[in-house]
Amino acid sequence: METITNLNEDTIKGIQNLISINIDSSKGFNAAAEHIENEQIANYFRDCGTERKRFAHELQVAVAVNDKEAEDDGSLKGTAHRWWMNIHSTVTGGSEHSVLADAERGEDEIKRCYEKTLTETAGSPVNAILQSQYGMVKKRHDQIRDMRDERA
């Protein structure tokens, strides 16, 4: 029987993926905050970045208590997305709408990753953590979408 200190390899693999994408998300939000002039949105993005860093840490603890080495870096895909965001912001002048649209695309991806992991780890003792984090991811996604739509 799977316990919080005895997670199966598939569960750990899913958590490792979520750690990586949360690190990417944290870095992405902080990078986006640097490309937007609206201080209210920039602060919102910084808050999101801090939250995602906390999510990654919570998941790293779950991996560590299983005597595994937790991911501590983002993915190549996340680095490429931040690079694209930097180029795109330079070309478009970093308009609020374009930065928010890029952020929403990132949120779509992290939502998909949480949904996949929650499905694959149904019944796992870490699902309470994953469900809680997923709820905040969905909330942030919807808030970013609404901010984007207000600026369309």
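**Exercise 1. Cysteines**

Determine how many disulfides the structure holds, and state whether Cys48 and Cys113 are buried or exposed.

*Solution.* Begin with the nature of the bond: a disulfide is a covalent bond between the sulfur atoms of two cysteines. In this predicted model, the criterion is a pair of cysteine sulfur atoms within 2.5 Å, and the count of disulfides comes to zero. Turning next to the surroundings of the cysteines, Cys48 has a relative accessible area of 0% and is buried, while Cys113, with a relative accessible area of 12%, is buried as well. Cys48 also appears among the residues of a nonpolar core of 14 residues, to which Exercise 4 returns.

**Exercise 2. Salt bridges**

Give the number of salt bridges, and work out for Glu96, Glu104 and Glu120 which partner each has and where in the helices the pairs lie.

*Solution.* The count comes to 15 salt bridges.

Step 1. Glu96 forms a salt bridge with Arg151, and the closest N and O atoms of the pair are 2.7 Å apart. Since Glu96 belongs to helix α4 (residues 96-120) and Arg151 to the segment after α5 (127-150), the pair ties together parts that are 55 residues apart in sequence. To place the two residues by accessibility, apply the limits of 20% and 50%: Glu96, at a relative accessible area of 28%, is partly exposed, and Arg151, at 26%, is partly exposed too.

Step 2. Glu104 forms a salt bridge with Arg148, with the closest N and O atoms 1.9 Å apart. Because Glu104 lies in helix α4 and Arg148 in helix α5, this pair ties together parts that are 44 residues apart in sequence. Both Glu104 and Arg148 are buried.

Step 3. Glu120 forms a salt bridge with Lys116, the closest N and O atoms being 3.2 Å apart. Here both residues lie in helix α4, four residues apart, which is about one turn of the helix. Lys116 counts as exposed, at 52% relative accessibility.

Step 4. Finally, salt bridges that share partners join Glu34, Glu39 and Arg46 into one network.

**Exercise 3. Aromatic rings**

State how many aromatic pairs there are, and find the arrangement of the rings of Phe29 and Phe45.

*Solution.* The structure holds three aromatic pairs. For Phe29 and Phe45, the ring centres are 5.5 Å apart and the planes stand at 50 degrees, so the pair is tilted. Phe29 lies in helix α1 (residues 9-34) and Phe45 in helix α2 (residues 39-64), so the pair ties together parts that are 16 residues apart in sequence. Phe29 counts as buried at 4% relative accessibility, and Phe45 is buried with a relative accessible area of 0%. Ring pairs link Phe29, Tyr44 and Phe45 into a cluster.

**Exercise 4. Nonpolar cores**

Identify which elements contribute to the largest nonpolar core, and list what Ile19 is in contact with, leaving aside its neighbours within four places in sequence.

*Solution.* The largest nonpolar core has 21 residues, and those with the most contacts inside it are Ile15, Leu18, Ile19, Leu59, Tyr114 and Leu130. The elements that give two or more residues to this core are α1, α2, α4 and α5, and α1 gives the most, with six residues. Beyond its neighbours within four places in sequence, Ile19 is in contact with Ala56, Leu59, Gln60, Val63, Ala70 and Glu71. Another core of 14 residues lies apart from the largest one, and includes Ala33, Ile36, Cys48 and Met147.

Methods. Residues are numbered from 1 along each chain as its sequence is written. This is a predicted model: local features need pLDDT of at least 70, side-chain atom pairs count only at pLDDT 80 or more; totals for chains, interfaces and linings use all residues. Side-chain values use heavy atoms; hydrogens and water are left out. A salt bridge is a side-chain nitrogen of Lys or Arg within 4 Å of a carboxyl oxygen of Asp or Glu. Buried means under 20% relative accessible area, exposed over 50%, partly exposed in between (1.4 Å probe, protein chains only). Rings of Phe, Tyr and Trp (its six-membered ring) pair if their centres lie within 6.5 Å; planes under 30 degrees apart count as stacked, over 60 as edge-to-face and the rest as tilted. A nonpolar core is a set of buried Ala, Val, Leu, Ile, Met, Phe, Trp, Tyr and Cys residues joined through side-chain atoms within 4.5 Å. Contact means heavy atoms within 4.5 Å.
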